[in-house]
Amino acid sequence: MHKLVANKIETVAFGLKQGSVAGVNIDVELVNYKDINTVTLYLNPKRQESYYNYIIALKPERVIFNPGTENPEFYKLLKQNNIAFEVACTLVLLSTNQY
């Protein structure tokens with residue numbers, strides 16, 4: 001989140017514990033965010049299952065699967081909903097101007 005904010009990328013966050021990182025509040029309840037460009041995942045595939053419908057409903061332009069989050073089952077659902085995805089590291093993408 002520090003890198004996203006440093007790159008002036010509007011950032012919202014959801015997590016299991018409430019708090020704040022880099023000035024961004026972490027929501028602990030699912031919020032119907034609007035105009036989401038990218039969802040970047042840090043949840044293992046098993047934990048992702050309960051968020052499939054939520055993430056799809058956000059209608060992001062893409063989902064980034066960071067190392068350890070690769071999930072072919074979710075890739076299929078995203079494809080069916082015309083949501084792009086990539087298996088990459090958000091930090092690397094930001095550092096190499098590929099985000």
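What follows is a conversation about how the descriptions of this predicted model are reached.

User: Before we start, what kind of model is this, and how are its residues numbered?
Analyst: It is a predicted model, in which local features need pLDDT of at least 70, side-chain atom pairs count only at pLDDT 80 or more, and totals for chains, interfaces and linings use all residues. Residues are numbered from 1 along each chain as its sequence is written, and side-chain values use heavy atoms, with hydrogens and water left out.

User: Thanks! How many helices and strands are there, and what makes a stretch count as one?
Analyst: The protein has five helices and six strands. Helices are DSSP runs of H or I with at least four residues, strands are runs of E with at least two, and both are numbered from the N terminus. Read from that end, the order is α-β-β-β-β-α-α-β-α-β-α.

User: How do you know whether the radius of gyration agrees with a compact globule?
Analyst: The rule for a globule is 2.2 Å times the number of residues to the power 0.38, and the radius is taken over C-alpha atoms. For 99 residues a compact globule would be near 13 Å, and the protein has 13 Å, so the two agree.

User: Why is asparagine 66 called buried?
Analyst: Buried means under 20% relative accessible area, exposed means over 50%, and partly exposed is in between, using a 1.4 Å probe and protein chains only. Asparagine 66 has 2%, so it is buried. You can find this residue in the loop between strand 5 (62-65) and helix 4 (72-80).

User: What makes the link between asparagine 66 and threonine 90 a polar contact?
Analyst: A polar contact is a pair of N or O atoms within 3.5 Å; within protein, one must be able to donate a hydrogen and the other to accept it, and residues adjacent in sequence count only if both atoms are side-chain atoms. Here the side chain of asparagine 66 reaches the backbone nitrogen of threonine 90 at 2.8 Å. Counting contacts as heavy atoms within 4.5 Å, asparagine 66 also touches other residues, including Leu41, Tyr42 and Cys89.

User: Why is lysine 59 called exposed, and what is its phi?
Analyst: Lysine 59 has 67% relative accessibility, so it counts as exposed. Its phi is positive, about 55°, although lysine 59 is not a glycine. Most residues other than glycine have a negative phi. Lysine 59 sits in the loop between helix 3 and strand 5.

User: What about asparagine 97: buried or exposed?
Analyst: Asparagine 97 is at 72% relative accessibility, so it counts as exposed. It lies in the segment after helix 5 (90-95), and its phi is near 55°, also a positive value.

User: Why are strand 4 and strand 6 said to stand at the edges?
Analyst: Two strands pair if DSSP finds at least two bridges between them. Strands 4, 5 and 6 form an open sheet in the order 4-5-6, with parallel pairing. Strand 4 and strand 6 (84-87) each have a single partner strand, so one side of each is left without a neighbour in the sheet.

User: How do you know that strand 5 and strand 6 pair?
Analyst: Four bridges join them, and the definition asks for at least two. Within this pairing, isoleucine 64 stands opposite glutamate 86 in strand 6.

User: And which way do strand 2 and strand 3 pair?
Analyst: Strand 2 and strand 3 (residues 24-27) pair in the antiparallel sense over three bridges. In strand 3, isoleucine 26 is the bridge partner of glycine 19.

Definitions and conventions: Lists of a residue's contacts leave out its neighbours within four places in sequence.
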